[in-house]
Each structure stands twice: as structure tokens, then as C-alpha cells.
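Hi,

Here is the structure I promised to pass on. Have a look at it first, then read my notes underneath.

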Amino acid sequence: EVSPLEKVNVLHEALFEFHIVRPDAGLPLLRDCSDDQFADALRELVRITSEKRDQLRIPDSFWEVEKEFILGQEGGRRGLLQSYLEMEKLRNVTSVPRFFEARFGRSVGPEGRSDPQFSVPEPVPGGVTLLEGKVDRVEIGEDYFAIVDYKTGGVPSGKDIALGFAPQLPLEAAMATAGGFAGVPAAPVSR
């Protein structure tokens, strides 16, 4: 049986591979894509995700159902990947995606899937403590960070965050405002 974490890792690995090559390939930001470029981006993300999924050789019959949920059906039901890309295209932000799967401190998650420009082997300051982990995506604005965390489950409520039950994003924000990310000056974090 494949764990939910392994299934989520397929999505993280696919999104990393998809996003990390776009700037070097001269491809536009998703928000700037024409309809044809957007369709090409969706096909590419589906291809990458399918390859990552097939490498696992998952013998789980429910995974076949999830395959349709994630990939969608050509000419039919839209999948999670299409919804993700549509949301990205519609985001009205001035920040630009810059770092993906950025690790700090000891290795977290599958090896080889971290942004070489941003990842650091040491823990980084987060308020009064040192933190280790991984940031899904960091976007850079003119005078701010935007930390994007991919969620396949529920998004924590403001109340859960305030009570400390969902500390990930507040800790990452503390790291950004304290200048804890390598090579990027301290900056406020957008909401």
C-alpha cells in the first residue's frame, strides 16, 4: 500500500520539475500565457505527473480513481492539475516564482528534489529558534516575499494558525522577515 505522503510527493516532484525548467526554457509565467501556451503547459504538467506516478508502480486500485482526479480526462472531466494551473493563471500578484522545493537544514523528503540556488544545509533562524524543513515555493516581489505552500488537503483556518495548531506558514514568514533565506534580503511576507 502506498501512503498518502508518497502520493503527495508525486505531486510535489511533478510541480518542482515543471516549474524549475520554465525560466531557463524562456517560457512565460503562467499568468502571461496565451491559450495555446497554457494548453501546452497543462499537457507538460500532466506528462510529468504521469511519469512520476508510473515510476511508483502503485498496486492500489484507489490510485486509479485518484489518477483521474489528479490528471483529468482529455475532453472530459478537468483534474486537479488543470485547476491548479487555472488558479495560477488568474493570480493577480506582482511577485515572480523564483525558488521551488527549497530545503533548509537537514534533508527533508525525497533526495534530489530541491532548488540548488536557495537550499542550504544549515538550519535557518525563525524568530528565536532554528528551523529545518522545506518551502514549496518562494516568490519574490519588489519589496516582499510570497511563500506558496501547496495543499492537497484542507487549508488551515486563521483560528488554527493563531492558536499554533498550523505553524508552518507563520514560521516560514518569521524566517523571511528575519532574513533566514540564503541570498535573499529580509523582507515582509505578503498574505
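Below is what I found on salt bridges and on one of the pockets.

Before you dig in, keep in mind that this is a predicted model.

**Salt bridges**

The total comes to 12 salt bridges. I'll go through a few of them here.

Let's start with a local one. Asp40 and Arg43 pair up through their side chains, with an N to O distance of 2.4 Å. Both residues belong to helix α2, which covers residues 35–56. They sit three residues apart, or about one turn of the helix. As for solvent, Asp40 has 44% relative accessibility, so it counts as partly exposed. Arg43 comes out at 53% and therefore counts as exposed, the cut-off being over 50%.

The other set centres on Glu88, if you want something to click on next. Which residue forms a salt bridge with Glu88 at 2.9 Å? That is Arg137, going by the closest N and O atoms. This pair ties together distant parts of the chain: Arg137 is in strand β4 (residues 133–140) and Glu88 is in helix α4 (residues 80–90), with their positions 49 residues apart in the numbering. Are the two partners buried or exposed? Both Arg137 and Glu88 are buried.

Glu88 also has a salt bridge with Arg91, where the closest N and O atoms are 3.9 Å apart. The cut-off is 4 Å, so this pair still counts. The accessibility values of these two partners fall into separate classes: Glu88 has a relative accessible area of 9%, which means it is buried, as the limit is under 20%. Arg91, with 24%, is partly exposed.

Put together, salt bridges with shared partners join Glu88, Arg91, Arg137 and Glu139 into one network.

**The second largest pocket**

Now for some empty space. The second largest pocket holds about 320 Å³. It is lined by 14 residues, and the closest to its centre are Leu42, Val46, Leu71, Gln73 and Glu74. Which helix gives the largest share of that lining? It is α2, with four residues, the helix that also holds Asp40 and Arg43. By residue type, the lining of this pocket splits into six polar, four charged and four nonpolar residues.

If you open the model, I'd go to Glu88 and its network with Arg91, Arg137 and Glu139, and then move over to the pocket around Leu42 and Val46.

Cheers

Methods: Residues are numbered from 1 along each chain as its sequence is written. This is a predicted model: local features need pLDDT of at least 70, side-chain atom pairs count only at pLDDT 80 or more; totals for chains, interfaces and linings use all residues. Side-chain values use heavy atoms; hydrogens and water are left out. Helices (H or I, at least four residues) and strands (E, at least two) are DSSP runs, numbered from the N terminus. Buried means under 20% relative accessible area, exposed over 50%, partly exposed in between (1.4 Å probe, protein chains only). On a 1 Å grid over the protein atoms alone, a cavity is a set of points where a 1.4 Å probe fits but cannot get out, and a pocket is an open set with protein on both sides within 12 Å along at least five of seven lines; lining residues have an atom within 4 Å of a point. Grid points are joined across faces, edges and corners, and a volume is the space filled by probe spheres set on the points. Ala, Val, Leu, Ile, Met, Phe, Trp, Tyr, Cys and Pro count as nonpolar, Asp, Glu, Lys and Arg as charged, and the others, Gly among them, as polar.
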